[in-house]
Amino acid sequence: MEQERLEAIRQVKYRYLRCVDTKLWDEIGDTFTEDATVDYGTKAYGKPLKMTGRDEIVEFFRTNLGPDILTVHAAGQPEITVEPGGETASGIWSFQDTVIATQFRVAVVGAAFYHDRYRLESDGRWRISHTGYRRTYEAMMSLDDLPSFKLIATLDADAAAS
Amino acid sequence: MEQERLEAIRQVKYRYLRCVDTKLWDEIGDTFTEDATVDYGTKAYGKPLKMTGRDEIVEFFRTNLGPDILTVHAAGQPEITVEPGGETASGIWSFQDTVIATQFRVAVVGAAFYHDRYRLESDGRWRISHTGYRRTYEAMMSLDDLPSFKLIATLDADAAAS
Amino acid sequence: MEQERLEAIRQVKYRYLRCVDTKLWDEIGDTFTEDATVDYGTKAYGKPLKMTGRDEIVEFFRTNLGPDILTVHAAGQPEITVEPGGETASGIWSFQDTVIATQFRVAVVGAAFYHDRYRLESDGRWRISHTGYRRTYEAMMSLDDLPSFKLIATLDADAAAS
């Protein structure tokens with residue numbers, strides 16, 4: 001029972017991460033509770049990113065992660081604690097991300113630990129009610145420093161979604 | 001029961017990935033069904049890599065991933081669905097790879113999502129019946145862009161196998 | 001039962017890795033048995049790192065991983081075997097690490113497979129009794145090769161610990 005619950009919570013996180021990197025904006029909203037909050041803490045945008053509500057979160061992704069922005073968000077090492085009552089949980093995840101802004105030839109790489117909260121909703125599904133992270137490091141560089149760097153494959157969003 | 005099944009499927013994938021990176025070509029065949037198909041979709045070889053049958057797959061690894069090719073194939077975030085009947089399953093995995101061709105001083109890095117199929121065989125073991133991925137990105141570069149880059153350890157295949 | 005045991009073993013490894021990267025030296029000792037041994041096998045220090053006993057291990061971390069050393073230790077793909085009797089276990093993990101020595105503008109990146117041993121102690125908790133790895137590769141480079149490389153976030157140890 002406990003293992004099933006942990007697995008269900010991991011699954012919503014995995015789906016969230018896959019939706020981000022394959023740009024499934026119509027599907028990603030369902031991984032969040034309607035009142036979800038996020039605090040991404042990245043400095044790449046010049047300020048911390050705090051958002052409230054599923055709609056604002058999805059709109060952020062749709063606006064900022066267009067086809068020229070390739071992303072990898074990889075999380076593992078889940079330390080999940082289901083709280084008394086069995087309907088809320090918290091989770092810590094190790095995380096590494098790579099963002100390639102192809103038009104600007106800029107790459108951002110980094111690592112962090114996610115500190116999430118999850119809620120079991122009335123339809124029997126766990127969703128993310130809060131997600132945020134604290135950076136281990138984040139670095140930015142121009143691909144002009146690597147003259148031979150050449151993208152030989154990029155996301156085919158239609159193929160990824162099918 | 002369900003959790004045991006998921007764990008058994010994850011284990012065959014982990015073994016496959018470890019066999020690739022530590023070059024255990026005598027052992028890797030057992031992670032595939034005899035009729036397994038692969039579709040690696042990498043462009044690094046100039047064309048998609050499609051293969052059929054355990055023997056062809058193992059021969060590909062043995063021929064192409066010699067001691068001068070260092071590889072890291074890291075997969076996580078498994079979204080596995082066991083199908084009705086309990087003897088076949090599908091799985092999606094997040095994936096990142098690094099390949100260093102030491103003789104040519106070339107590095108290939110990338111990310112993808114694996115879309116696998118698994119089958120429970122009559123000896124009670126799950127094997128990979130199909131594996132393939134869709135790229136998030138793949139990039140190639142010459143290590144000549146990083147004059148200070150120096151390998152300070154490489155795979156000792158004998159030690160890795162022991 | 002078996003799944004609970006595997007999960008408990010994974011949890012101590014995840015906590016160990018998080019303690020390393022967020023520099024929780026007061027907490028990391030509890031992830032090791034008092035007689036634990038380590039054999040990190042990295043060449044970055046010029047020689048293999050072998051240590052015996054929780055105190056020596058914790059002291060090594062405290063001395064060598066100060067605030068100017070940013071680290072990412074990411075492990076996954078756990079292949080854990082609980083031994084007959086149920087009180088000891090072995091585990092193989094895929095592993096990638098990044099170390100940025102900010103003062104020296106040096107980065108070390110690599111991959112390995114951990115070969116660990118675990119023991120269930122009388123307080124009912126699993127701890128690491130041995131950890132070591134065999135390198136797939138390890139490389140060192142100066143960040144001077146990447147003039148545009150700029151750290152835009154670094155670990156805030158106090159925040160990470162809270």
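What follows is a look at aromatic pairs and a few buried residues in this predicted model.

Start with the rings. Over all chains, the count of aromatic pairs comes to 30. One of them joins A:Tyr16 and A:Phe32, whose centres sit 5.4 Å apart with 80° between the planes, making the pair edge-to-face. A:Tyr16 belongs to helix H1 (residues 2-22) of chain A, while A:Phe32 belongs to strand S1 (residues 32-39) of that chain, so the pair ties together parts that are 16 residues apart in sequence. Both partners are tucked away from solvent by the numbers: A:Tyr16 is buried, at 2% relative accessible area, and A:Phe32 is buried too, at 0%.

Chain B offers another pair to look at. Here the rings of B:Tyr114 and B:Tyr133 are 5.4 Å apart, centre to centre, and their planes meet at 80°, so this one is edge-to-face as well. The pair links strand S5 (residues 106-120) of chain B, home of B:Tyr114, to strand S6 of chain B, home of B:Tyr133, and so ties together parts that are 19 residues apart in sequence. B:Tyr114 is buried, with 0% relative accessibility, and B:Tyr133 counts as buried at 11%. B:Tyr114 also has a charged companion: B:Lys13 lies over the face of its ring, at 3.1 Å from the ring centre.

Back in chain A, A:Lys13 lies over the face of A:Tyr114, at 3.1 Å from the ring centre. A:Tyr114 is part of one aromatic cluster, whose members include A:Tyr16, A:Phe32 and A:Tyr133. A:Trp25, A:Tyr40, A:Phe60, A:Phe61 and A:Phe95 also belong to that cluster.

Away from the ring pairs, B:Ile128 is worth a stop. This residue is found in strand S6 (residues 126-142) of chain B and counts as buried because its relative accessibility is 0%. Leaving aside residues up to four places away in sequence, B:Ile128 touches B:Val12, B:Tyr16, B:Thr31, B:Phe32, B:Thr33, B:Ala36, B:Arg117 and B:Tyr118. As for B:Ile69, that residue is 59 residues from B:Ile128 in sequence and 24 Å from it in space, C-alpha to C-alpha.

Finally, C:Thr98 brings a second chain into the picture. It sits in strand S4 (residues 88-101) of chain C and counts as buried, with a relative accessibility of 16%. With residues up to four places away in sequence set aside, C:Thr98 touches A:Tyr137 from chain A, along with C:Leu70, C:Thr71, C:Val72, C:Val108 and C:Val109 from chain C.

Key:
Residues are numbered from 1 along each chain as its sequence is written. Chains are lettered from A and ligands numbered from 1 in the order in which they are written. This is a predicted model: local features need pLDDT of at least 70, side-chain atom pairs count only at pLDDT 80 or more; totals for chains, interfaces and linings use all residues. Side-chain values use heavy atoms; hydrogens and water are left out. Helices (H or I, at least four residues) and strands (E, at least two) are DSSP runs, numbered from the N terminus. Buried means under 20% relative accessible area, exposed over 50%, partly exposed in between (1.4 Å probe, protein chains only). Contact means heavy atoms within 4.5 Å. Rings of Phe, Tyr and Trp (its six-membered ring) pair if their centres lie within 6.5 Å; planes under 30 degrees apart count as stacked, over 60 as edge-to-face and the rest as tilted. A charge sits over a ring if NZ of Lys or CZ of Arg is within 6 Å of the ring centre and within 35 degrees of the ring normal.
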